[in-house]
Amino acid sequence: MPRITVEGEKSFEVEAGQRLVLCLEDNGIDVLHRCGGIARCTTCRVEVLEGEAPARSEAEYKVLTKDPNENLSETYRLSCQIRVENDLTVRVGMRASVEGMNPGPRPRP
């Protein structure tokens, strides 16, 4: 089973093939996901610090490069688009508690 480590917080095992956004949420990490996990809003962004995440989907690449003044694709991945297959260490970009908002609708598995 892959192990997810959230920098400076906690580490937990997950079943392979699960969406990272759900792994984080189900383990008490209040990651935002305002669009419900459909690669539209970029609020579920994470930095992959260690480990290998699968290649970006076309939808993920498109939304991360949409604004030429803020090219997020250099640093971030969308946790809603990552199916966990390997151990990963991540830094969560946006937190519901910090932003003062509801995380968003629960993404589908």
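The sheet, two loop residues and the nonpolar core of a predicted model are described below.

The strands of the model form an open sheet with mixed pairing, in which 5 strands follow the order S2-S1-S5-S3-S4. The edges are taken by S2 (10-13) and S4 (77-78); each has a single partner strand, so one side of each is left without a neighbour in the sheet.

Strand S5 (residues 88-92) pairs with S1 (residues 3-6) in parallel, through 3 bridges. With S3, by contrast, S5 runs antiparallel, and 5 bridges join the two. Thr89 of S5 takes part in both pairings: Thr89 is the bridge partner of Thr5 and also that of Glu50. Strand S3 (residues 45-51) is further joined to S4 by 2 bridges, again in an antiparallel arrangement. At this end of the sheet, Val46 lies opposite Arg77 of S4.

The loop between helix H1 (20-26) and S3 contains Ala39, and Thr42 is found in the loop between H1 and S3 as well. Both residues have positive phi values although neither is glycine: phi is near 60° for Ala39 and near 70° for Thr42. Ala39 has a relative accessible area of 6%, and that of Thr42 is 10%. Because buried residues are those under 20% relative accessible area, Ala39 counts as buried, and so does Thr42.

The largest nonpolar core comprises 26 residues, of which Ile4, Val6, Phe12, Leu20 and Leu24 touch the most other members. At least two residues of this core are supplied by each of S1, H1, helix H2 (58-64) and S5. The largest share, 5 residues, comes from H1.

Leu24, one of the core residues that touch the most other members, illustrates the contacts made from H1. With residues up to four places away in sequence left aside, Leu24 is in contact with Ile4, Val6, Phe12, Ile29, Val31, Val46, Ser79, Val90 and Val92. Among these partners, Ile4, Val6 and Phe12 are themselves named with Leu24 as touching the most other members of the core. Val46, also touched by Leu24, is the residue that stands opposite Arg77 in S4.

How values were computed: Residues numbered from 1 in each chain as written. Predicted model: local features only at pLDDT ≥ 70, side-chain atom pairs only at ≥ 80, totals over all residues. Heavy atoms only, no water. Pairing = 2+ DSSP bridges. Helix = DSSP H or I, 4+ residues; strand = E, 2+ residues; numbered from the N terminus. Buried < 20%, exposed > 50% of the residue type's maximum accessible area, 1.4 Å probe, protein only. Core = buried A, V, L, I, M, F, W, Y, C linked by side-chain atoms within 4.5 Å. Contact = heavy atoms within 4.5 Å.
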